[in-house]
Amino acid sequence: MIKKRLLTTVIIGVAILFIAAGIYAKIVPDIIELNDPAYAKHKKGIVKFTHGKHQSEYAKEYPEFYKNNCGECHHDKDNKPLTGLKEGDDVEKCIECHKIPSEVPKKLKKEWRKKKISKDEKKKKKMEYHAEAFHENCRGCHKKFNKKYKPKKAPTTCAKCHPKKKK
Ligand code: HEC
Ligand code: HEC
Ligand code: HEC
Ligand code: HEC
């Protein structure tokens, strides 16, 4: 009788562990498809971002690029890096603040050039665009990385991040 109860307890315990692991895995997936629904249509192939590798493997291997830990990519409403973020914490999606789902339209860029707006103002306006914020974040770090670790290469060309779309 006691033996049976023990067995049941063990089975339930193991089941709970599996469920907990499942929920945990949902909180921070290793690979995040950057497929924000704010876009009516994605012109380029969907980026499969290796979040797990970036925030553990690369962060350990290249600590000089991760001085702010998670805050290299996650910041608050004042652009202050969230250095104290931990596994399991909730984060806001980039689109919450970088609200316009596209790159800066070419026409607008031309207009800015004509008006000779200042560098700071241009940066501010540019960062309202979701894709520009991503490109700045991702390619920004990759460019610095490539300069330092030649001939190692983090991707900076379109197709290395956006897989070719199947027709
Ligand atoms: C190299 C950049 C980078 C680093 C470093 C990073 N993240 Fe992220 N993280 C992202 C991006 C990009 C997303 C997707 C955001 C979006 O979809 O708007 C994301 C999403 C998340 C999510 C939401 C997951 C989901 O289901 O959509 C959580 C939680 C998270 N990160 C936690 C962390 C924690 C904790 C750390 C540090 C241990 C960390 N991140 C480090 C870039 C990064
Ligand atoms: C809570 C609001 C908020 C969220 C969420 C947010 N950002 Fe930002 N971000 C800002 C603000 C504010 C700035 C400053 C804009 C300016 O220069 O006026 C900024 C600036 C930036 C910059 C320019 C950085 C610099 O200092 O030059 C990049 C790149 C960027 N964000 C990427 C991201 C990415 C990628 C995500 C998602 C992982 C994200 N942001 C999520 C508010 C946010
Ligand atoms: C803080 C620095 C940093 C940021 C920010 C960053 N990366 Fe990386 N990324 C790296 C490093 C370091 C490597 C590994 C280079 C090597 O070892 O060859 C890498 C490699 C990659 C690779 C190739 C290997 C792999 O893991 O798939 C892809 C694709 C990639 N990054 C996409 C992204 C995307 C998309 C973003 C933005 C959401 C991003 N990265 C933001 C540092 C960064
Ligand atoms: C380091 C990785 C990386 C590189 C290199 C890169 N992108 Fe992106 N791009 C992203 C990420 C991440 C997003 C935002 C994710 C999303 O679509 O929600 C994005 C978004 C976009 C978008 C808006 C979404 C869409 O599909 O319509 C366009 C357009 C775009 N990129 C074009 C380009 C072009 C053109 C190049 C080459 C000149 C390029 N990207 C290079 C990572 C990259």
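Which element gives the largest share of the shell around ligand 2? Helix H5 does, with 3 residues. The model behind this report is predicted.

## Overall layout

The protein has 6 helices and 2 strands. Read from the N terminus, the order of elements is α-β-β-α-α-α-α-α. The chain counts 167 residues, and 18% of them are buried.

## The iron site of ligand 1

Two histidines coordinate the iron atom of ligand 1. They are His-51 and His-74, each through NE2, at 2.0 Å. The site has 6 donor atoms, with angles of 87 to 179° among them. That geometry is octahedral.

His-51 sits in helix H2, residues 51-61. His-74 sits in the loop between H2 and helix H3, which spans 106-115. The pair therefore ties together parts that lie 23 residues apart in sequence.

The two histidines also have their accessibility assigned. His-51 has a relative accessibility of 16%, so it counts as buried; the cut-off for buried is under 20%. His-74 has a relative accessible area of 22% and is partly exposed.

## The iron site of ligand 2

The iron atom of ligand 2 takes its protein donors from His-75 and His-98. Both use NE2, and they lie 1.9 to 2.0 Å from the iron. Here the 6 donor atoms subtend angles of 86 to 180°, so the arrangement is octahedral.

His-75 lies in the loop between H2 and H3, and His-98 is in the loop between H2 and H3 as well. This pair ties together parts that are 23 residues apart in sequence. His-75 is partly exposed, with a relative accessible area of 34%. His-98 is buried, at 17%.

## The shell around ligand 2

Around ligand 2 there are 17 residues. Those that come nearest are His-75, Cys-94, Cys-97, His-98 and Lys-123. By class, the shell holds 5 nonpolar, 5 polar and 7 charged residues.

Which side chains place a polar atom by a nitrogen or oxygen atom of ligand 2? His-75 has a polar side-chain atom 2.7 Å from a nitrogen atom of the ligand. For His-98, a side-chain N or O atom is 2.8 Å from a nitrogen atom of ligand 2. Asn-79 has a side-chain N or O atom 3.2 Å from an oxygen atom of ligand 2. Two elements give two or more residues to this shell: helix H4 (119-126) and helix H5 (130-148). H5 gives the largest share.

## Aromatic pairs

How many aromatic pairs does the whole structure contain? A search finds 5. One of them joins Phe-65 and Phe-145. A pair of aromatic rings is described by the distance of the centres and the angle of the planes. For Phe-65 and Phe-145, the centres are 5.8 Å apart and the planes meet at 55°. The pair is tilted.

Phe-65 belongs to the loop between H2 and H3, while Phe-145 belongs to helix H5, so the pair ties together parts that are 80 residues apart in sequence. Are these two residues buried or exposed? Both Phe-65 and Phe-145 are buried. They also form one aromatic cluster with Tyr-62 and Tyr-149. Helix H5 thus appears in two places: Phe-145 lies in it, and it gives 3 residues to the shell around ligand 2.

Notes
Residues numbered from 1 in each chain as written. Chains lettered and ligands numbered in written order. Predicted model: local features only at pLDDT ≥ 70, side-chain atom pairs only at ≥ 80, totals over all residues. Heavy atoms only, no water. Donors = N, O, S within 2.8 Å, 3.2 Å for Na, K, Ca; no water. Tetrahedral: all angles 85-135°; square planar, octahedral: opposite > 155°, others 65-115°. Helix = DSSP H or I, 4+ residues; strand = E, 2+ residues; numbered from the N terminus. Buried < 20%, exposed > 50% of the residue type's maximum accessible area, 1.4 Å probe, protein only. Near = heavy atom within 4 Å. Polar contact = N/O pair within 3.5 Å; in protein donor to acceptor, adjacent residues only side chain to side chain. Nonpolar A, V, L, I, M, F, W, Y, C, P; charged D, E, K, R; others polar. Phe/Tyr/Trp six-rings, centres within 6.5 Å; stacked < 30°, edge-to-face > 60°.
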